[in-house]
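Here is a short tour of a structure, meant to be read with the sequence and the coordinates open beside it. Take a moment to turn the view around before reading on.

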Number of protein chains: 2
Amino acid sequence: MSVRKKLRDSAQSDALCLEEFLPYRFSVLTNRISRHLAKAYEKQFGITIPEWRVIANLARFAPMTASDVADKSSMDKVKVSRAISRLLKAGLIARDTDVTDKRRGQLRLSKAGEDVFEEIAPLALGWEADLLAPLSGEERRTLNDIMNKIQTVLDDAGA
Amino acid sequence: MSVRKKLRDSAQSDALCLEEFLPYRFSVLTNRISRHLAKAYEKQFGITIPEWRVIANLARFAPMTASDVADKSSMDKVKVSRAISRLLKAGLIARDTDVTDKRRGQLRLSKAGEDVFEEIAPLALGWEADLLAPLSGEERRTLNDIMNKIQTVLDDAGA
DNA sequence: GGACATTAGTTTCAGATGAAACTATTAACT
DNA sequence: AGTTAATAGTTTCATCTGAAACTAATGTCC
């Protein structure tokens with residue numbers, strides 16, 4: 001048996017099987033969830049996920065700047081800037097230039113934006129509840145721990 | 001107090017907090033992992049994640065058609081088609097038209113493709129091991145159960 | 001055999017994406 | 001004050017994306 005063949009066999013038995021490969025599984029699962037939610041946000045409220053993230057952050061932390069939103073939402077500033085510009089055009093948020101620093105814009109939800117948030121929030125929590133429905137309390141706690149631990153690995157890896 | 005205000009207060013206390021919202025957490029975590037791996041695949045082997053998925057599937061299941069790859073890899077046929085065309089151009093895979101059905105192309109890794117797979121596979125398993133390192137055996141089993149359960153929810157929801 | 005539907009795979013088109021360049025403003029240093 | 005560096009946010013550009021249209025081959029029904 002050739003060295004090459006041996007190597008391949010060992011790689012195969014050490015089993016890099018895509019279906020069991022964690023990054024792949026995370027990716028497939030997350031994309032399914034995101035696509036599902038994106039469709040619902042778009043269909044029922046005409047907004048995208050980045051826009052929804054801006055709204056959800058403003059609902060909790062307004063007034064805040066675009067940079068604040070970018071930090072809080074794990075989105076880059078380009079995506080945030082575009083989401084903000086669409087939301088301004090749609091009248092769901094308002095922006096006041098910061099008096100003490102004219103580079104900054106202080107953002108907040110408009111009345112219409114608050115209405116949208118109040119409509120979406122319970123739906124979103126319902127979808128989350130559906131996803132978690134088959135999990136025991138113990139499993140939910142473990143999932144939380146696991147995600148925190150993996151986040152820490154990524155933080156430490158500078159990723 | 002207005003009905004509207006009451007509603008808003010209740011929404012806030014029922015706490016849709018983005019940082020704790022499961023779809024958001026999955027999305028952030030997965031994107032970090034994917035970006036990290038994509039950078040490594042690109043830098044070290046000059047391939048993208050879709051291309052890597054095609055390679056990993058062919059390594060295990062060749063010969064298979066583009067449709068087979070699409071099914072196995074949870075990628076749409078457009079993405080698969082593009083990955084295949086790049087891999088053909090790079091000489092990492094080969095395609096023979098199926099004699100019994102000339103629409104189909106039977107795909108397999110070339111020698112160079114096998115070499116790439118054998119180089120990447122142990123690295124990929126190493127990265128996975130790094131992610132899982134802080135988890136106990138119990139937690140790993142639970143994570144597996146959890147992902148299966150959530151997948152089932154999505155299957156049942158037709159998502 | 002010929003009309004119609006289906007399937008495999010590619011191409012097109014209309015956005016979405018993000019790195020890098022850019023503008024406007026503020027901060028820091030001399 | 002004046003020059004330089006840093007920051008907030010936008011725009012550009014080259015690439016990625018996926019739905020829909022398309023081509024080519026096969027299957028189905030009469």
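Chain A and chain B meet through 66 residues of chain A and 64 residues of chain B. Please keep in mind that this is a predicted model. About 6,800 Å² of area is buried between chain A and chain B, and carbon and sulfur atoms contribute 64% of that area. On the chain A side, A:L16, A:R25 and A:R32 lose the most area to chain B, and together they make up 10% of what that side buries.

What about polar and charged pairs across this interface? There are 19 residue pairs in polar contact between chain A and chain B, counting pairs with both residues at pLDDT 80 or more. Four salt bridges are found across the interface of chain A and chain B. One that is easy to look up joins A:K149 to B:E139, with the closest N and O atoms 3.0 Å apart.

Several helices of chain A take part in the side that touches chain B: α1 (3-13), α2 (22-45), α3 (49-61), α4 (66-73), α6 and α7 (137-156) each supply at least two residues. Which of them gives the most? That is α2(A), with 15 residues. By residue type, the side of chain A that touches chain B divides into 34 nonpolar, twelve polar and 20 charged residues.

Let us move to the DNA. There are 19 residues around DNA strand C, and those that come nearest are A:R82, A:K102, B:S67, B:S81 and B:R103. Of the atoms of DNA strand C that come within 4 Å of the protein, 53% belong to sugar and phosphate. The table gathers some polar approaches to the phosphates of this strand.

| Residue | Polar atom from | Partner | Distance |
|---|---|---|---|
| B:S81 | side chain | phosphate oxygen of DNA strand C | 2.5 Å |
| B:R95 | side chain | phosphate oxygen of DNA strand C | 2.8 Å |
| B:G105 | backbone | phosphate oxygen of DNA strand C | 3.0 Å |

Which helices supply at least two residues each to the surface near DNA strand C? They are α5 (77-90) of chain A, along with α4 (66-73) and α5 (77-90) of chain B. The largest share comes from α5(B), which provides four residues. In composition, the surface near DNA strand C holds twelve charged, four polar and three nonpolar residues.

Two individual residues deserve a closer look. On chain B, B:T65 sits in the loop between α3 (49-61) and α4. Is B:T65 buried or exposed? B:T65 counts as buried because its relative accessibility is 8%, below the 20% cut-off for that class. Setting aside residues up to four places away in sequence, B:T65 touches B:R104, B:G105, B:Q106 and B:L107. In that list, B:G105 is also the residue whose polar backbone atom is 3.0 Å from a phosphate oxygen of DNA strand C.

On chain A, A:G113 belongs to helix α6 (residues 111-132). With a relative accessibility of 0%, A:G113 is therefore classed as buried. Beyond its neighbours within four places in sequence, A:G113 is in contact with A:I55 and A:L92. The C-alpha atoms of A:G113 and A:G91 are 7.4 Å apart in space, while the two residues are 22 residues apart in sequence.

Definitions and conventions. Residues numbered from 1 in each chain as written. Chains lettered and ligands numbered in written order. Predicted model: local features only at pLDDT ≥ 70, side-chain atom pairs only at ≥ 80, totals over all residues. Heavy atoms only, no water. Near = heavy atom within 4 Å. Polar contact = N/O pair within 3.5 Å; in protein donor to acceptor, adjacent residues only side chain to side chain. Nonpolar A, V, L, I, M, F, W, Y, C, P; charged D, E, K, R; others polar. Buried < 20%, exposed > 50% of the residue type's maximum accessible area, 1.4 Å probe, protein only. Contact = heavy atoms within 4.5 Å. Buried area = accessible area lost by both parts, 1.4 Å probe. Salt bridge = Lys/Arg side-chain N within 4 Å of Asp/Glu carboxyl O.
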